[in-house]
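Reader: I'd like to go through this one with you, asking what stands behind each label. Shall we start?

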Amino acid sequence: MTGDLRVLRPAEWDRWFGVLELAFGGVPAPPAERELWQALTEHERSLGVWEGDDCIGTAGAFSFRLSVPGGSLVPAAGVTMVSVASTHRRRGVLTSMMRRQLDDVRAWGEPLAVLTASEPAIYGRFGYGIATWQLSAEIDTDRVRLAGAPGSGELRLRLAQPTDAAVRAECEAVYAAEVAGRPGMPARRPGWERLPFLDPPQDRDGASPLQCVLARRDGRTAGYALFRIKPSSDAAGPDGTVVLEHLGALDPAAYAALWRFLCDIDLTSTVRVGNRPVDDAWQHLVSDIRRCQVRVRDSLHLRLVEVGAALSARTYRTPVDAVFEVADDFCPWNAGRWRLTGDAKGASCERTEDPAELSLTVRELGAAYLGGVPLTSLAAAGRVRELRKGALAEASSAFGSEVAPWLPHGF
Ligand SMILES: CC(=O)SCCNC(=O)CCNC(=O)[C@H](O)C(C)(C)COP(=O)(O)OP(=O)(O)OC[C@H]1O[C@@H](n2cnc3c(N)ncnc32)[C@H](O)[C@@H]1OP(=O)(O)O
């Protein structure tokens, strides 16, 4: 790799971001979005590769705290804004940035690194595994009815103005209350609360500006939905579409009331949902799941930067005591045998000389870490080897999460 790899200087941000935009096709980000990403950029954690005055590579990282099984928030590098100029690809520029970045993340003491991949084939070689999946759906609300939930009658739904700071704060409070209960959700640092409300006209695809409905009980907000309505383009044709952008709810009654509202809006016959947890409960409220066109795709890719610290930082659904033989070519400090002992109260993971009971690479540990990908499933694919009979079932059960891990938004 040629070029000078160094930390980004604040004055270089425009050129650096311009390289990223070009790498993704050259359509400039809408001004409000650009301004938000600039404000959120942590310069000291952002890397650029330069040839003279030309930037040819970009990679950033956000300081996240990620919810893990058990509800703790674990420091994680949110890897972002990765690109290499199209003139300089397949010469190792990305590899050099990933090398430097993972060394830095280790030095900063963050046990995890996470990202969403533009293409799932890119990051496995650097030790990332697919840890969360997201569900999308297109619900035919002409045919599908939603059941209510006990207590819905005590709720009042109110349309609110998404530009209103108080309304935003209420939505953000619901989000914050959900984080500990759902592995994979990042706790939002100040500034990030603006992300769900970005509403550039370029991204609306003919739909309305963002609309907001609050579900309130006794004067307190128990849930919210941010959505758009795309009206029918043909008065004689099918009705319009409700596009759900974000939804949060603190209890089943508020959750069901919001989904019924979205599915009942006059002059619409479809609810389109882009990113929800794979175990999202509306699937158990609908009268006809076949008319919901559910699809699943990869979402958060996760890497254990420090195996011992990462596996000690979460809890385990059932007791586990197992020795893992871990291979990690890209971060060799993780390679070797680790004994994990833990249960629902806590865990420790230490180096050991004891015989290995399970053998895998750090990528499988990343996939299983948040509890959404069973080790048994990875073993069935030949990616985990059981060396002591019973160790696989024990560890797989222990790693599982009560709720599916989920990343609610990109970064
Ligand atoms: C977290 C995020 O920001 S995701 C966004 C990633 N960025 C993009 O998709 C923007 C468009 N693409 C790009 O900018 C570049 O093609 C990148 C960043 C994906 C790759 O950069 P490069 O400098 O070409 O990668 P590099 O030369 O280091 O390749 C390393 C290895 O990955 C492989 N690789 C690189 N890109 C891809 C890809 N898109 N799909 C599959 N394999 C890939 C290379 O073939 C190489 O394999 P090898 O080690 O077996 O030879």
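Author: Start with Arg 158, whose bridge partner in E9 is Leu 214. Keep in mind that this is a predicted model, where local features need pLDDT of at least 70 and side-chain atom pairs count only at pLDDT 80 or more, while totals for chains, interfaces and linings use all residues. Residues are numbered from 1 along each chain as its sequence is written.

Reader: What makes strands E8 and E9 a pair?

Author: Two strands pair if DSSP finds at least two bridges between them. E8 (residues 156-160) and E9 (residues 211-217) have 5 bridges in the antiparallel sense, so they pass that cut-off. The strands themselves are DSSP runs (E, at least two residues), as are helices (H or I, at least four), numbered from the N terminus.

Reader: And what does E9 do with E10?

Author: They run antiparallel, joined by 7 bridges, E10 covering residues 220-230. In that register Cys 212 has Leu 226 of E10 as its bridge partner. The hairpin of E9 and E10 leaves 2 residues between the strands, and there Asp 218 has a positive phi near 50 degrees.

Reader: Which strands are called edge strands in the sheet of 7?

Author: The sheet is open, with mixed pairing and the order E1-E2-E3-E4-E5-E14-E6. Its edge strands are E1 (4-7) and E6 (129-130), since each pairs on one side only. Inside it, E4 and E5 (residues 112-116) pair in the parallel sense over 3 bridges, with Gly 78 opposite Val 114 of E5. Helix H1 (residues 13-23) packs on this sheet, touching E2 (47-51), E3 (54-67) and E4, and its direction makes about 90 degrees with that of E3. Touching means contact, with C-beta atoms placed from the backbone within 7 Å. The angle, on a scale from 0 to 180 degrees between N-to-C directions, comes from lines fitted to C-alpha atoms, for helices over the stretch in contact.

Reader: What puts a residue in the shell around the ligand, and which come nearest?

Author: A residue is near if its C-beta atom, placed from the backbone, lies within 6 Å. Of the 22 that surround the ligand, Val 82, Arg 89, Leu 94, Thr 95 and Ser 118 come nearest. E4 (73-84) and helix H3 (93-107) are the elements giving two or more residues, and E4 has the largest share with 6. By class the shell holds 12 nonpolar, 5 polar and 5 charged residues; nonpolar means Ala, Val, Leu, Ile, Met, Phe, Trp, Tyr, Cys and Pro, charged means Asp, Glu, Lys and Arg, and the others, Gly among them, count as polar.

Reader: What order do the 5 strands of the other open sheet take?

Author: E17-E16-E15-E18-E19, again with mixed pairing. E17 (347-351) and E19 (385-386) are its edge strands, each pairing on one side only. E18 (residues 358-361) and E19 have 2 antiparallel bridges, so they just make the at least two that pairing asks for. Ser 359 stands opposite Arg 385 there.

Reader: How confident is the predictor?

Author: pLDDT, its confidence in each residue, goes from 0 to 100. The protein's mean is 97, and 100% of its residues reach 70 or more. The model scores ipTM 0.98 and pTM 0.97.

Terms used: Contact = placed C-beta atoms within 7 Å.
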